Amino acid sequence: MDQSVAIQEGLAAGATCRIAVQAGLWAGARRESRLLGLVQRGGERAIHVYTHRRMAIAAEDIWLERVIPITEGFTVEEVVPDGDLQVIGSDVTVRLGSAHDALTVRLPFGSRTRAFLRELRDHPEVVGSEGVKQNGKKLAAAQNRSHDSTDKSAPRQNKLKPEVTTEMVQSSGAMASILSEPKFGLRDTIVKSQLVQLEDSYTNIQSFRFFVGTYNVNGQSPRESLQPWLRCDAEPPDIYCVGFQELDLSKEAFFFNDTPREEEWFKAVTDSLHPDAKYAKVKFVRLVGIMLLLYVKADLALNISEVEVETVGTGIMGRMGNKGGVGIRFKFHNTSVCIVNSHLAAHTEEYERRNQDFKDICSRMQFCQSDPNLPPLTIGKHDVILWLGDLNYRLEELDVAKVKQLVDERAFPELCQYDQLKRQMNANAVFEGFTEGEISFQPTYKYDAGCDDWDTSEKCRVPAWCDRILWKGQNVAQLSYRSHMALKLSDHKPVSSVFDIGVKVVNEELYRKAFEEIVRSLDKLENANIPSVTLSRREFHFEDVKYMQLQVEKFTICNGQVPCQFEFISKPDERTYCKEWLIANPSKGFLLSGAEITIELEVFVNKSTATHLNSGEEKLEDILVLHLTRGKDYFLSVTGNYLPSCFGSPIHTLCYMREPIQDMSAESIRKLTLMPLEMSDDAIQAEKPMDIPKELWMMVDHLYRNASHQEELFQQPGLRSEFEQIRDCLDKGMHDTLLGSNHSVAEALLLFLESLPEPVICYRSYSSCLESASDYPLSCQIISSLPKCHRNVFEYLMAFLRELLKNSGRNHLDVNILASVFGGLLLRPPPGHSVPQMAEKRRAQQFLRQFLLAAEPWP
């Protein structure tokens, strides 16, 4: 995920965030997460340091903590913290700044860190523009050869192992290795692509042992040893993949991304690894309570390369990280491996939501490649995929007594017939192509903490195999699949699986022969004709595009006789290659002679583009330019028609729409959408406006009547298919009652508020609201000064939320949750406003709290 977008949203006009990277900052004995942004304005640059909430998706998710100007004498040097071992993980600790203003941070190894440090290095003020200081000494940048030179004496870039050296061994040139990112030219890409095709001729399969474990720890600290789980076999594994869920259940961890549990569980795992081998940490990644750790035997560390991590939150509005997945991908010898740890939606009836979470993780988790000319890698683009986690699929159609009886009889094959995951996999609805081993252990959920007794709480949950491990790929043999009853601190039991995985190991002599043959044949092509391709189609029309509903059209690029590199390029005077509602996937790539590739054109209208499409100011029309390196350009025409929606429409516009928006003429919609807000209170329209939008009333009324006692309201996401039904109901007026679950209607309400081009509390009142956050009478005056339609909506929403709080004993909502969820939607900083700092965001929440806690409606 490109988090520079979140920073850019809050920058002043003229300032640009060139790149952003996650970092770790030590505060005493605790490591806290920060987001670093390299910001440029004119000829000046600075590093902006942000604290952040969950994933930094939008400006309201981050707080500016400090700014470090990049001035003369600014240095970048590596430091080795006390206690670090010679064999170390993939992260690197760096000191950034001058003698008077510096910051020491831990940066994750990967393409983003390399690009971030390269941007710093290239600035003339930075000491070490041609080399980086390490421990007070200036290092020359490592001279990695590019394949453009095709030096036959050292043909294989992997021999240098620049990533792995930095990844695992703290060498004197570690920082230089990061900064000396290899160049990627067309010739280099051709060589690598042909080597992949010939891989079987120079590799052989060798087996390595992988331990995979998953444990939902229910927010507990590690009070007991993990050895019965991680050290249960006589033979030490070559690689450990250890995943946790619900690492921290506190509200601080839910709304912010820091937790002391991270270090506690990391130490507990490290202390419990097999004693007969020495292990190095390769990588770890965490999203709120979902954490994944990867270790490798120290003597195999140099065979690990191309390590990248990604996270995907699937909580409400696609932001909350309490549910979702984290992934680590890497190359082991010549085999690509992807490990995914996920925590999917809870509750027995929500199996469709779990299926959707899985699909969202698969589609949204994309790993950067070291070659910038190549598109990101999805999970499915790996040789071996190991998927673990609390998948939350339950046993259905059986009551508690029957399940417990079958467990006592160890009739697990019979019980598996009622397992939701097995049924959904058999229906090809989820985990298509994956395999799960035979389950020969009792369900791992739900137990009373501290013992092996089934759940004795009032809810008395039906036992279920929530915790699972699956795999996909060739040359994978499962040796064991088991639970570990000895661990008792959680309401789940940990699960493990041991695999023998066949890995492609390179024979260097055969590799050299293949490389030299490719170079010889490539020399003959150097003066060949210019590349040319054939496109299966060049015109695309997207019919009846709807708000937040993806449409995809495909075409094929067929290459001729000359290998070529292609990329969609921007047109003159345009910053990007396509309009904001359009994307080509992949947008660039490489084709060998006679090869072909399928390109997907995706149209997706969201809050950023809906308003102008509703008004007719913007059309679904664009021209794409497909450019071939050393070749010609091809032009593709994209058109479509957008069905107007209440989502993305201004409040005052909707108040004048007594009919469903899709029953109105385009001209009427245009006039009402473009009508200035200042004129909406004037009696210029022939018909009096409604007090509030009818669409808002339908959603709130539905929730008031049906969801006052609903647990996890505004915290658990709904189904995408149900949101689409709700949207159609609102836009077409098809039904008097909204279709969908309470959670889907609640999420639709939040999405509606998020899509408003002018928030409920108008932009012009933002600063005044913050200043009056502790002055209730003054806050009431500000609300009273809002345009009538906005004031009505605010009062209506506050009355509804106070009604929900009256039922907090049933729905478990509190003022802090509602103020946090609705604060950033109702009270947003105006465009161009700097990113709100933490104190500013808290004042915004405090402003809303005043109205939620008011015993009586304000004057």
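Which helix holds both Glu803 and Lys806, and how many residues apart are they? Both lie in helix α22, which covers residues 788-806, and they are 3 residues apart, about one turn of the helix. Keep this pair in mind, as we will come back to it below.

## The overall picture

The model you are looking at is predicted. Its chain has 25 helices and 32 strands. Of the 859 residues, 57% count as buried.

How does the chain meet itself? Take the contacts between residues at least 6 apart in sequence: 72% of them join residues at least 24 apart. On the outside, the chain exposes about 35200 Å², and carbon and sulfur atoms supply 48% of that area.

## Salt bridges within and between elements

The structure holds 36 salt bridges. Let us start with the pair from the opening: the side chains of Glu803 and Lys806 meet in a salt bridge, with 2.9 Å from N to O. Are the two partners buried or exposed? Glu803 is partly exposed, with a relative accessible area of 27%, while Lys806 counts as exposed at 64%.

Another salt bridge joins the side chains of Glu119 and Arg18, at 3.0 Å from N to O. Glu119 belongs to helix α2 (residues 111-121) and Arg18 to strand β1 (residues 15-27), so this pair ties together parts that are 101 residues apart in sequence. Arg18 has a relative accessible area of 40%, so this residue is partly exposed.

## A network of four residues

Which residues are linked with Lys422 in a network of salt bridges? The network is made up of Asp419, Lys422, Glu436 and Arg468. Within it, the side chains of Lys422 and Glu436 meet at 3.1 Å, N to O. This pair links distant parts of the chain: Lys422 sits in helix α12 (residues 420-426), whereas Glu436 sits in the loop between α12 and β21 (467-473), 14 residues away.

The two partners can also be described by their accessibility. Lys422 counts as partly exposed at 21%. Glu436, with a relative accessible area of 11%, is buried. The line between these two classes is drawn at 20% relative accessible area, so Lys422 and Glu436 fall on opposite sides of it.

## Cysteines without disulfides

How many disulfides does the structure hold? The count is 0. Cys762 is in no disulfide, and the nearest cysteine sulfur, that of Cys789, is 7.6 Å away. Because a disulfide needs two cysteine sulfur atoms within 2.5 Å, the 7.6 Å between Cys762 and Cys789 does not qualify. Cys762 counts as buried, at 0% relative accessibility.

Cys789 is likewise in no disulfide; its nearest cysteine sulfur belongs to Cys655, 4.9 Å away. Cys789 is buried too, with a relative accessible area of 7%.

## A nonpolar patch on the surface

Finally, turn to the outside of the model. Leu550, Val552 and Phe604 make a nonpolar surface patch of about 230 Å². Where is Leu550 placed? You can find Leu550 in the loop between β25 (539-545) and β26 (551-559). With a relative accessible area of 45%, Leu550 is partly exposed.

Terms used. Residues are numbered from 1 along each chain as its sequence is written. This is a predicted model: local features need pLDDT of at least 70, side-chain atom pairs count only at pLDDT 80 or more; totals for chains, interfaces and linings use all residues. Side-chain values use heavy atoms; hydrogens and water are left out. Helices (H or I, at least four residues) and strands (E, at least two) are DSSP runs, numbered from the N terminus. Buried means under 20% relative accessible area, exposed over 50%, partly exposed in between (1.4 Å probe, protein chains only). Contact means heavy atoms within 4.5 Å. Accessible areas come from the Shrake-Rupley method with a 1.4 Å probe; for residues, only the protein chains shown count as cover. Patches are made of residues with over 30% relative accessible area and no salt bridge: like charges are joined within 9 Å, nonpolar side chains (Val, Leu, Ile, Met, Phe, Trp, Tyr) within 5 Å.
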